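I opened a fresh notebook page for this chain. The entries below follow the order in which I looked things up.

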Amino acid sequence: MNIDVVDVRLDERKLPYLVSETVAEYRGEYVGEQQLKVNSPEKVVNVLNNVFHMKDFSEEKLYVMFLSASLHVIAYAEVSHGVIDSATVGIREIMQRALLTNAAGIILAHNHPGLGSTANPSTQDIDVTQGLMRACEIMGIHMFDHIIVAGNDYYSFREKHAELYVKREENKKKDGGREVC
């Protein structure tokens, strides 16, 4: 199965368009042309480590998975290079790509490189997650998870902070079923 990694560029009129940066080959538990479905943090981590070798990076990298409503991967994008603490995570850039790929939802993922690193989130990681959740809620895009990979360990915000996701899903029901993060 081929997975497109996309980038957003501006043309001469400053209008955005998608560019396929690379195509990653994934030969996991999926057969033929069946789309990749990521319905658990373990599956997400498996893809991040087997396709992008995230656990082996010596620098911090941030990826976004763009998903259909049925949790099938539409595309991936590497959003920033370098350490998240020193790089501005472009929430606007992430939302722009989500809209251009017609994604129903996203999963944010990044790594904590280095020997002895843990997958526990920093204050910056928590702030980015909360900011992206608010942006998703406004735009009607579901934020399924934020996953941090450190070696063979991972941290899933959905698993560790289920109350954030449950609260948003309860608000969705109160709001007449309108899709929110």
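**Entry 1: a hairpin.** I began at a cross-strand pair: Ile148 stands opposite Tyr155 in β7. I then looked up the strands around this pair. Strand β6 covers residues 142-150 and strand β7 covers residues 153-156, and the two pair in the antiparallel sense over four bridges. I noted that β6 and β7 form a hairpin with two residues between them. Gly151 in that turn has a positive phi of about 60°.

**Entry 2: confidence.** The model is predicted, and I checked its scores before going on. The average pLDDT of the chain is 75, and 66% of the residues score at least 70. I marked two stretches for caution. Over residues 22-33 the pLDDT stays under 50, and the model has 27 contacts beyond four places in sequence for them. Over residues 82-87 it also stays under 50, with 13 contacts beyond four places in sequence. I read the contacts of residues 22-33 and 82-87 with pLDDT under 50 in mind.

**Entry 3: whole chain.** I listed the secondary structure and got five helices and seven strands. Along the sequence the pattern reads β-β-α-β-β-α-β-α-β-β-α-α. The chain has 181 residues, of which 46% count as buried. I also looked up the accessible surface, which comes to about 9500 Å², with 49% of it belonging to carbon and sulfur atoms. For contact range, I took the contacts between residues at least 6 apart in sequence; 61% of these join residues at least 24 apart.

**Entry 4: strand β3.** Which residues of β3 are buried on one side, and which on the other? I found Lys61, Tyr63, Met65 and Leu67 on one side and Leu62, Val64 and Phe66 on the other, so both faces are covered, by the cut-off of under 20% relative accessible area. The count for this strand, residues 61-67, is seven buried out of seven. I then looked for its partner. β3 and β5 pair in the antiparallel sense over six bridges. Within this pairing, Val64 stands opposite Leu108 in β5.

**Entry 5: Tyr76.** I stayed with Val64 and looked up Tyr76, which is found in strand β4. The C-alpha atoms of Tyr76 and Val64 are 5.6 Å apart, although the two residues are twelve apart in sequence. Tyr76 has a relative accessible area of 0%, and therefore counts as buried.

**Entry 6: the loop between β3 and β4.** I looked up two residues here. Leu71 lies in this loop, and its phi is near 70°, a positive value in a residue other than glycine. His72 lies in the loop as well. Is His72 buried or exposed? I recorded a relative accessible area of 17%, which is under the 20% limit, so His72 is buried. The side chains of His72 and Ser70 are joined by a polar contact of 2.7 Å.

**Entry 7: helix α2 and what follows.** Helix α2 spans residues 91-100, and Ile94, Met95, Arg97 and Ala98 in it are buried. Seen down the axis of α2, these buried residues fall within an arc of 160°, so they line one face of the helix. The background I noted is that an α-helix has 3.6 residues a turn, so residues three or four places apart point the same way. Just after α2 comes Asn102, with a positive phi of about 60°. I placed Asn102 in the loop between α2 and β5. Its relative accessible area is 67%, so Asn102 counts as exposed. I noted for the phi entries that most residues other than glycine have a negative phi.

**Entry 8: Thr118.** Where does Thr118 sit? I found it in the loop between β5 (105-111) and α3 (123-139). It counts as partly exposed because its relative accessibility is 43%, a value between the 20% and 50% limits. Leaving out residues up to four places away in sequence, Thr118 touches His112 and Ala150. I also looked up the separation from Val149: 31 residues along the chain, but 8.2 Å between C-alpha atoms. This brought me back to the strand of the opening entry, since β6 covers residues 142-150.

Note on methods
Residues are numbered from 1 along each chain as its sequence is written. This is a predicted model: local features need pLDDT of at least 70, side-chain atom pairs count only at pLDDT 80 or more; totals for chains, interfaces and linings use all residues. Side-chain values use heavy atoms; hydrogens and water are left out. Buried means under 20% relative accessible area, exposed over 50%, partly exposed in between (1.4 Å probe, protein chains only). The arc is that of the directions from the helix axis to the C-beta atoms. pLDDT is the predictor's confidence in each residue, from 0 to 100. Contact means heavy atoms within 4.5 Å. Two strands pair if DSSP finds at least two bridges between them. Accessible areas come from the Shrake-Rupley method with a 1.4 Å probe; for residues, only the protein chains shown count as cover. A polar contact is a pair of N or O atoms within 3.5 Å; within protein, one must be able to donate a hydrogen and the other to accept it, and residues adjacent in sequence count only if both atoms are side-chain atoms.
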